Amino acid sequence: MNRSIKKVAVLGSGVMGSRIACHFAGIGVQAILLDIVPKEATESKKPSERNKIVNDSLQAAIKSNPSPVYHKNVIKKITTGNFDDNMKDIAGCDWIIEVVVERLDIKKSVYEKAEQFRKPGTLITSNTSGIPIHLLSEGRSEDFKKNFCGTHFFNPPRYLRLLEIIPTPDTDPGVIDFLMHYGDLYLGKTTVLCKDTPAFIANRIGVFGIMAIFGLADKIGLTIDEIDALTGPVIGRPKSATFRTADVVGIDTLVKVAKGVYDNCPGDEARNSFIIPSWLNKMVENNWLGDKTKQGFFTRRKGEKEEKEIFTLDLKSFEYKPRTKSKFATVEAAKPVDDLNQRLKMLVAGPDKAGEFYRHFHYGLFSYISHRIPEISDEIYRVDDAMMAGFGWEIGAFESWDVLGVEKTVKAMKDAGYKVAAWVDEMLANGIKSFYKIENGKRLYYSPLSRSYSFSPAGRDGVFIVMSNYQDKLIWKNASCRLYDLGDDVLGLQWFTKMGSIGGDVLEGIQTSIDKAEKNYKGLVIANEGANFSAGANVGMIFMLAIDQEYDELDMAIRLFQNTMMRARYSSVPVVTAPHGLSLGGACELSLHSDKCCPAAETYTGLVELGVGLIPGGGGTKEFTLRASDEMHEDEPETITLKNRFLTIATAKVASSAFEGFDTGVYRKGLDEVVFNQGRRIAEAKKSVIEISDSGYTTPVQRRDIKVLGRLALGALYTGINGMWRANYATDHDVVVAKKLAYVMCGGDLSEPSWVSEQYLLDLEREAFLSLCGEKKTLERIQSVLKNGKPVRN
């Protein structure tokens, strides 16, 4: 049957329920959020009293940081109610999601009520993280069972991309196909089909990993701080690493999942890994449950300087001690290596205690995942997808095994006493040496069932483009960039610098890519595949040139940046960017100058140069002035739009989602297009290049009709700047920088409003940028960013 989701009902408004409702509202779907009536309000007739639980829960979610929604305006799409008065409203919903407490009897009682009002054919799913899905639908009608399955969101639903889909034997296959597609395309999720086994996929593997690390800490003699230093970003895992992740998840939750696996998986060869250590039980008894009780493996207390500091639990003495920084020779040698694959090889080969830990850690993980096929999944790629989307791993477990060499690692594992599943030995015996391989830009995975390689569904339909899969289609490269032929006469450019920073190599890459696209292709896609698109221009290079007073070279560097942005804007083929994550400063300027931008919903963009004592110098100031000119209307003061654009730059405002990027004026309504699923953005950008090219793309003409207001607006902006200074919202140096910005955006000290060219504004922008590079306080701010990651306020 053809389905469309216009309205959802979320039954249960706790931490997960309220945020799931917010996420649906965020994608434009109306949501009804229901919960129980408070005991003290059972006799009341006032909706405010009867809906107190659900309303309080929703308000807590809305106020939480980070925000559960892409844009604050979507909250109006959520209506609240209670199970007694409003369960009848679910009759008008297309999907009902149960998110009540993890008790089978309570869930069944909710289904009993829901089935009285649910219309036949309506999807009904459970967000349970541990109760067997088939038990939940027992006793329900045939239509209920047919349209029922598990849909396990991860917390927080907006940010963690995993959605596990768990069918029962009674679930209609069409329902599963729909949810897999809908979750991917509309909810922006990595949808993973799971078997109805304890903890499903992500929690089964993730909790095993945490429990195994607990055991290794005792075995090798490592502290909590040492473990977290070893298991964070250095191996492609989140900053929360292991023990901090446990605090965030909740130590009681961790214990519950581990106990559930131990009790319900008698055949698990690593079952003893899930035995709860005595010290972990003691933490639960002490109510040291992590963030929810403000005390777990870590807590905040006043230190020697009477300021709150992070203290770490000593598992031997059970006392909290000041957090310590851990150093290992292997880690220090590997940290400077940007390529994660090369870094992993170095870490596992390390001769010290860290290397020993990494070997045992990976061998145990590899052994465990091999034995979970086909128990929890028939396909290996689903395991990797689940761990990357649900636990924030940069690289999947089977992918890591490939990086370290399957055959070599299996031998080392066996020598160290670790066993692998028989299908891995069989795979190697048949001459197949890796779990994945690339063919024609598509990734294939090894299937133990067919004993051969297969395409994943995403690999077949082409909606996910991974540029690094196009190594055999490499057109050009330099030290930082790679240019690929993505097929259909479209080129794709990506670069591999720290935080995606834009320096000389990247600027050369953009210019060269456009040159090649203009000769033989329809257009160019610019995107990156790391954690972020780009944190902006290489401020380290700017700092070195400025500190050495190499102003001629600095002038040339700024001209090159400006010219590259203008080259992107005025090429003879469409240039489409597809940013994600951080897209700041120079990266934001590149988006401003592209023909179209296809940002992932989770894109955080803005012109942040004011924070380091500079103004946007790569055409960003010019472009905001140009857009302010286009937005001026006769029915309102001309200074209003200019003032708004000025404040966006002057406050270094960063949009907290791509949707906010439209509010801040970076993205253009009716032209730029948000992509909910980050994995689809490059394919969407490629599609846009083809559409723009085929519709008859012509090179735009450089603008000479930009209205600037001169002294008319300059005086007003200066007055506002001085007001901010008097109120202590701005430092002396902030005033210097802001006045430079105002001068450029007003077109200089003109006696009357005038019409100017883009080049005129670029020249003003470059002159102001150069002058600020000579300011001592600007250099202090840049140095602080390079040293501490944030500017000093001076």
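Is Asn440 buried or exposed? In this predicted model, Asn440 turns out to be exposed, with a relative accessible area of 59%. That puts Asn440 past the mark, because a residue has to be over 50% to count as exposed. Asn440 sits in the loop between strand S12 (436–439) and strand S13 (442–447). Its backbone is worth a look too: phi of Asn440 is near 50 degrees, a positive value in a residue other than glycine. Most residues other than glycine have a negative phi.

Ala199 also has a positive phi, near 70 degrees, and is likewise not a glycine. This residue belongs to the loop between strand S8 (190–193) and helix H9 (202–220). Here the surroundings are another story: Ala199 is buried, at 7% relative accessibility.

The backbone has a couple of other quirks, this time in the peptide bonds. Most peptide bonds are trans. Asn65 and Pro66, however, are joined by a cis peptide bond, with omega at about 5 degrees. Pro66 falls in the loop between helix H3 (52–63) and strand S3 (78–82). Another cis bond links Asn155 to Pro156, and there omega is about 0 degrees. Pro156 lies in the loop between S6 and S7.

Now for the charged side chains. The structure holds 51 salt bridges, and a few of them deserve a closer look. Glu602 pairs with Arg158, and their closest N and O atoms are 2.6 Å apart. This pair ties together distant parts of the chain, 444 residues apart: Glu602 comes from the loop between strand S21 (596–597) and strand S22 (603–606), while Arg158 comes from the loop between strand S6 (148–153) and strand S7 (162–166). Both partners are tucked away, with Glu602 buried at 14% relative accessibility and Arg158 buried at 5%.

Arg766 and Asp555 make another salt bridge, 3.2 Å from N to O. Again, distant parts of the chain are linked: Arg766 is in helix H32 (residues 758–773) and Asp555 is in helix H24, 211 residues apart. Arg766 has a relative accessibility of 6%, so it counts as buried. Asp555 is buried as well, at 17%. Salt bridges can also share partners, and in this way Arg204, Asp268, Glu269, Arg372 and Glu375 are joined into one network.

Glu138 and Lys108 offer one more example, with their side chains meeting at 3.8 Å, N to O. The two are 30 residues apart, with Glu138 in the loop between helix H6 (133–136) and helix H7 (142–146) and Lys108 in helix H5 (residues 104–117). Glu138 is partly exposed, with a relative accessible area of 41%, and Lys108 is partly exposed at 25%.

Not every charge sits in a salt bridge. On the surface, Asp548, Glu550, Asp552 and Glu553 gather in a patch of negative charge. One of them, Asp552, lies in helix H24 (residues 551–569) and is exposed, with a relative accessible area of 65%.

Finally, there is Gln295, in the loop between helix H13 (278–285) and strand S9 (298–302). Why does Gln295 count as buried? Its relative accessibility is 19%, and buried means under 20%. Leaving aside neighbours within four places in sequence, Gln295 is in contact with Trp288, Leu289, Gly290, Arg301 and Tyr320.

Notes:
Residues numbered from 1 in each chain as written. Predicted model: local features only at pLDDT ≥ 70, side-chain atom pairs only at ≥ 80, totals over all residues. Heavy atoms only, no water. Helix = DSSP H or I, 4+ residues; strand = E, 2+ residues; numbered from the N terminus. Buried < 20%, exposed > 50% of the residue type's maximum accessible area, 1.4 Å probe, protein only. Contact = heavy atoms within 4.5 Å. Patch = residues over 30% accessible without salt bridge, like charges linked within 9 Å, V, L, I, M, F, W, Y side chains within 5 Å. Areas by Shrake-Rupley, 256 points an atom, 1.4 Å probe, with all protein chains shown as cover. Salt bridge = Lys/Arg side-chain N within 4 Å of Asp/Glu carboxyl O. Lys, Arg positive; Asp, Glu negative; His and termini not counted. Charge placed at Lys NZ, Arg CZ, Asp CG, Glu CD.
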